[in-house]
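Reader: Please take me through the aromatic rings of this model and the residues around them. I would like distances and angles where they exist, and some account of the surroundings of each ring.

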Amino acid sequence: MKKDLIPESGTFYKANLHSHSTVSDGSLTPGEMKELYQSHGYSILAFTDHNHFVTHNELSDDTFLALNGVEDAADERGQEDFHDRCCDICFIALRHDRTLHPLQNAASVSGDGSYAAHPSAYCTRDINRMIRTGVKNGFFATYNHPTWSLENHARYSTYRGMHAMEIFNYSSAVDGYDEYNPEIYDDMLRAGQRLFCIAADDNHNRAPGTRHWDSFGGFTMIKAPSLCYEDVTEAMLRGDFYASRGPRIHALWADMDDQSIHIACEGAKKIVITRSGRRCRAVYAEEVGKHFPEEVRFSVDPTDGYFRVTVFDENGLTADTNAYFIDTLGFDFGRDMFKE
């Protein structure tokens, strides 16, 4: 029996789930950002300006969806200082008609109708309270750029309740940080957190035409029934997406009869399955010819805990699936194990 891990039905929509406009410290207006991202094949853009939650529903139409969001931070000394650690969380409203800041209980109304949240203290208690409040108020919560934030295992392992983390942040990478973070994603998963991963630009668009232009380097492909706001956010809650820096994944499914995982993709030079223990496995293009066949198969067993799949193209760019947990998939492991 086939069980789709990324739905077979629906449409893949290219999305940037972390962006900044002139509402905060970006260089482009929301309208200019829509025009720019549409011209590069994007259908979805989440507006996540710092501290201010402002809706942009007027930008949505049949071919483009504006997701309403905000990025909130807890800074080590209560102010932005690049020598200090911080924890930044993006909150994306799950409903288009949400008008209040995700931390509305600690918010003040500004003159333009937006909500500016009071900063949270840089401690596990307040950060988890920030996440918990935002999620309770109907927002999708993503943990951002841990390398840029100077955070380590001792910090991020204590955070709970977010839906996803940024496995890649393009703006930080452009600035020189090693912000492709699969090891941190696995670190969080192995510590017991169950969360998705996204890739995002975190664009500010301050240096057009140069190598410091921070758009179009990381994106998330969301599989949804339509471009309707709630269809997309419900797909996000289900984890019906993958993160990418370039490669495309067409399908991901489990064969429940032989306890195996199958992935179909394009342009791959290497495909890796990562599991909770030391049972990672790579398949290389030269092993099967110049190009991969239509699909690649990996087996799983009950000791795997979780698995996730990474596709590498010839330039070393990646597409990363979410982690899938063995205890939620319903495999029958009464037969042979360790088949590969």
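Author: Tyrosine 37 is buried in this predicted model, and its relative accessible area is 0%. It belongs to helix α1, where Pro30, Met33, Lys34 and Leu36 are buried as well. In an α-helix there are 3.6 residues a turn, so residues three or four places apart point the same way. The buried residues of α1 pack against two strands, β2 and β3 (44–47). Just after this helix comes glycine 41, with a positive phi of about 85°.

Now the ring pairs. A pair of aromatic rings is described by the distance of the centres and the angle of the planes. The structure holds 11 such pairs. One of them joins tyrosine 37 to phenylalanine 216, with 4.8 Å from centre to centre and 55° between the planes, which is a tilted arrangement. This pair links distant parts of the chain, since tyrosine 37 is in helix α1 (residues 30–39) and phenylalanine 216 in the loop between β12 and β13, 179 residues apart. Is phenylalanine 216 buried or exposed? Neither label applies: its relative accessibility is 24%, and it counts as partly exposed because the limit for buried is under 20% and for exposed over 50%.

A second pair consists of phenylalanine 53 and phenylalanine 139: the ring centres are 5.4 Å apart and the planes stand at 75°, so this one is edge-to-face. Phenylalanine 53 is part of strand β4 (residues 52–53) and phenylalanine 139 part of strand β10 (residues 139–143), so the contact ties together parts separated by 86 residues in sequence. Both partners are buried, phenylalanine 53 at 2% relative accessibility and phenylalanine 139 at 0%.

In the loop just ahead of this second pair, between β3 and β4, lies asparagine 51. Its phi is near 70°, positive although the residue is not glycine. Most residues other than glycine have a negative phi. Asparagine 51 is partly exposed, with a relative accessibility of 34%.

Back at the first pair, phenylalanine 216 has a backbone of the same sign: its phi is near 75°, a positive value in a residue other than glycine. Its ring also belongs to an aromatic cluster formed by Tyr37, Tyr42 and Phe216.

What else touches this cluster? Aspartate 201 is in contact with Tyr37, Tyr42 and Phe216, and among its other contacts are Asn16, His18, Asn169, Tyr170, Ser171 and Asp214. Aspartate 201 is found in the loop between β12 (196–200) and β13 (219–224), and phenylalanine 216 is found in that loop too. The side chain of aspartate 201 reaches the backbone nitrogen of glycine 217 at 2.9 Å. How far from aspartate 201 is the nearest side chain of opposite charge? It is lysine 14, at 8.2 Å, and aspartate 201 is buried yet has no salt bridge. The distance is to be read against the limit for a salt bridge, which is 4 Å.

Another buried aspartate is in helix α5: aspartate 186, which counts as buried at 7% relative accessibility. Beyond its sequence neighbours, aspartate 186 touches Thr274, Tyr306 and Arg308. The buried residues of α5 (residues 182–190) also include an aromatic one, Tyr185, along with Pro182, Ile184, Met188 and Leu189. Just after α5, glycine 192 takes a positive phi of about 105°.

Two rings remain, each with a lysine over it. Lysine 2 has its charged end over the ring of tryptophan 253, 4.8 Å from the centre of that ring. Lysine 223 lies over the face of phenylalanine 12, 4.6 Å from the ring centre.

Lysine 223 is also in contact with proline 7, as is Asp240. Proline 7 has its place in the loop between β1 (2–4) and β2 (11–16). For a sense of scale, proline 7 and asparagine 57 are 50 residues apart in sequence, and their C-alpha atoms are 27 Å apart in space.

Key
Residues are numbered from 1 along each chain as its sequence is written. This is a predicted model: local features need pLDDT of at least 70, side-chain atom pairs count only at pLDDT 80 or more; totals for chains, interfaces and linings use all residues. Side-chain values use heavy atoms; hydrogens and water are left out. Helices (H or I, at least four residues) and strands (E, at least two) are DSSP runs, numbered from the N terminus. Buried means under 20% relative accessible area, exposed over 50%, partly exposed in between (1.4 Å probe, protein chains only). Lys and Arg count as positive and Asp and Glu as negative; His and the chain ends are not counted. A polar contact is a pair of N or O atoms within 3.5 Å; within protein, one must be able to donate a hydrogen and the other to accept it, and residues adjacent in sequence count only if both atoms are side-chain atoms. Contact means heavy atoms within 4.5 Å. Rings of Phe, Tyr and Trp (its six-membered ring) pair if their centres lie within 6.5 Å; planes under 30 degrees apart count as stacked, over 60 as edge-to-face and the rest as tilted. A charge sits over a ring if NZ of Lys or CZ of Arg is within 6 Å of the ring centre and within 35 degrees of the ring normal.
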